[in-house]
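Subject: Handover of a structure

Dear colleague,

Please find below the structure that I am handing over to you. My notes on what was found in it follow directly after.

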Amino acid sequence: MSTAQASVSRTKDSVIAFKGSLTRNSVPTLWKTRKQWLGDEPVSVDVSQVEVIDTAGVAFLLEIMKATQGTKTSLKCIGASDQLKQIASVSGVESLLSLS
């Protein structure tokens with residue numbers, strides 16, 4: 001089993017950028033640190049540097065959306081890969097995530 005590498009950063013303009021893998025191996029660690037990078041204001045999520053994503057990664061994005069649901073705007077995912085779009089489609093959640 002390979003070690004999942006993932007990192008997260010937040011820009012001044014409320015964009016949360018993920019890099020590496022959003023998989024069942026990396027998501028638990030990222031979720032534990034969410035208070036450091038996830039506020040309660042509207043955000044966009046940049047997933048253009050995500051190399052690998054699985055259903056746990058999609059669920060993670062949905063949890064971010066749920067955590068920011070009190071905001072007046074929906075979560076926008078920037079730079080979604082074909083892999084992310086396919087998983088969201090097969091899982092029936094593509095309408096919940098604004099993928100671009």
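Strands S3 and S4 (residues 76–78) run parallel and are joined by 3 bridges. Within this pairing, serine 44 has lysine 76 in S4 as its bridge partner. Please bear in mind throughout that this is a predicted model.

S3 is also paired with S2: here 7 bridges join the strands, which again run parallel. Isoleucine 16 and valine 45 in S3 are bridge partners. S2 (residues 15–22) is in turn joined to S1 by 5 bridges, and those two strands run antiparallel. Valine 8 has phenylalanine 18 of S2 opposite it. S1 and S2 form a hairpin with 4 residues between the strands, and in this hairpin serine 14 adopts a positive phi near 60°.

As for the overall plan, the protein has 4 helices and 5 strands. Along the sequence, these elements follow the pattern β-β-α-α-β-α-β-α-β. The protein has 100 residues, of which 36% count as buried. Among contacts with a separation of 6 or more, 64% are between residues 24 or more positions apart.

Two serines in the paired strands may serve as points of orientation. Serine 7 belongs to strand S1, which covers residues 6–10. Is this residue buried, exposed or partly exposed? Serine 7 is partly exposed, because its relative accessible area is 36%, which falls between the limits of 20% for buried and 50% for exposed. Not counting residues up to four places away in sequence, serine 7 touches Ala17, Phe18 and Lys19. In the case of lysine 19, the C-alpha atoms of the two residues are 5.2 Å apart in space, while 12 residues separate them in sequence.

The second is serine 21, which lies in strand S2. Serine 21 counts as buried, because its relative accessibility is 14% and the limit for buried is under 20%. With neighbours within four places in sequence left aside, serine 21 is in contact with Gln5, Ala6, Ser26 and Val52.

I turn next to the aromatic residues. How many aromatic pairs does the structure hold? There are 4 aromatic pairs. One of them consists of phenylalanine 18 and phenylalanine 60, whose rings are edge-to-face, at 5.4 Å centre to centre and with 75° between the planes. This pair links distant parts of the chain, since phenylalanine 18 is in strand S2 and phenylalanine 60 is in helix H3 (residues 55–67), 42 residues apart. Phenylalanine 18 is buried, with a relative accessible area of 1%. Phenylalanine 60 likewise counts as buried, at 2% relative accessibility.

Phenylalanine 60 also pairs with tryptophan 31: the ring centres are 6.1 Å apart and the planes stand at 80°, so this pair is edge-to-face, the planes being over the 60 degrees that this class requires. Tryptophan 31 is in helix H1 (residues 27–32) and phenylalanine 60 is in helix H3, so the pair ties together parts that are 29 residues apart in sequence. Tryptophan 31 counts as partly exposed, at 25% relative accessibility. Through ring pairs, Phe18, Trp31, Trp37 and Phe60 are linked into a cluster.

The last topic is the internal space. The count comes to 1 cavity of 30 Å³ or more, and the largest cavity has a volume of about 30 Å³. Which residues line the largest cavity? The lining is made up of Val47, Val50, Ile53, Ala80, Ser81 and Leu84. Strand S3 (residues 44–53) gives the most to this lining, with 3 residues. By type, the lining residues divide into 5 nonpolar and 1 polar, with no charged residue.

For a first look at the model, I would suggest following S3: this strand is joined to S2 by 7 bridges and to S4 by 3 bridges, and S3 gives the most residues to the lining of the largest cavity. From S2, phenylalanine 18 then leads to the ring pair with phenylalanine 60 in helix H3.

Yours sincerely

Terms used: Residues are numbered from 1 along each chain as its sequence is written. This is a predicted model: local features need pLDDT of at least 70, side-chain atom pairs count only at pLDDT 80 or more; totals for chains, interfaces and linings use all residues. Side-chain values use heavy atoms; hydrogens and water are left out. Buried means under 20% relative accessible area, exposed over 50%, partly exposed in between (1.4 Å probe, protein chains only). Contact means heavy atoms within 4.5 Å. On a 1 Å grid over the protein atoms alone, a cavity is a set of points where a 1.4 Å probe fits but cannot get out, and a pocket is an open set with protein on both sides within 12 Å along at least five of seven lines; lining residues have an atom within 4 Å of a point. Grid points are joined across faces, edges and corners, and a volume is the space filled by probe spheres set on the points. Ala, Val, Leu, Ile, Met, Phe, Trp, Tyr, Cys and Pro count as nonpolar, Asp, Glu, Lys and Arg as charged, and the others, Gly among them, as polar. Two strands pair if DSSP finds at least two bridges between them. Rings of Phe, Tyr and Trp (its six-membered ring) pair if their centres lie within 6.5 Å; planes under 30 degrees apart count as stacked, over 60 as edge-to-face and the rest as tilted.
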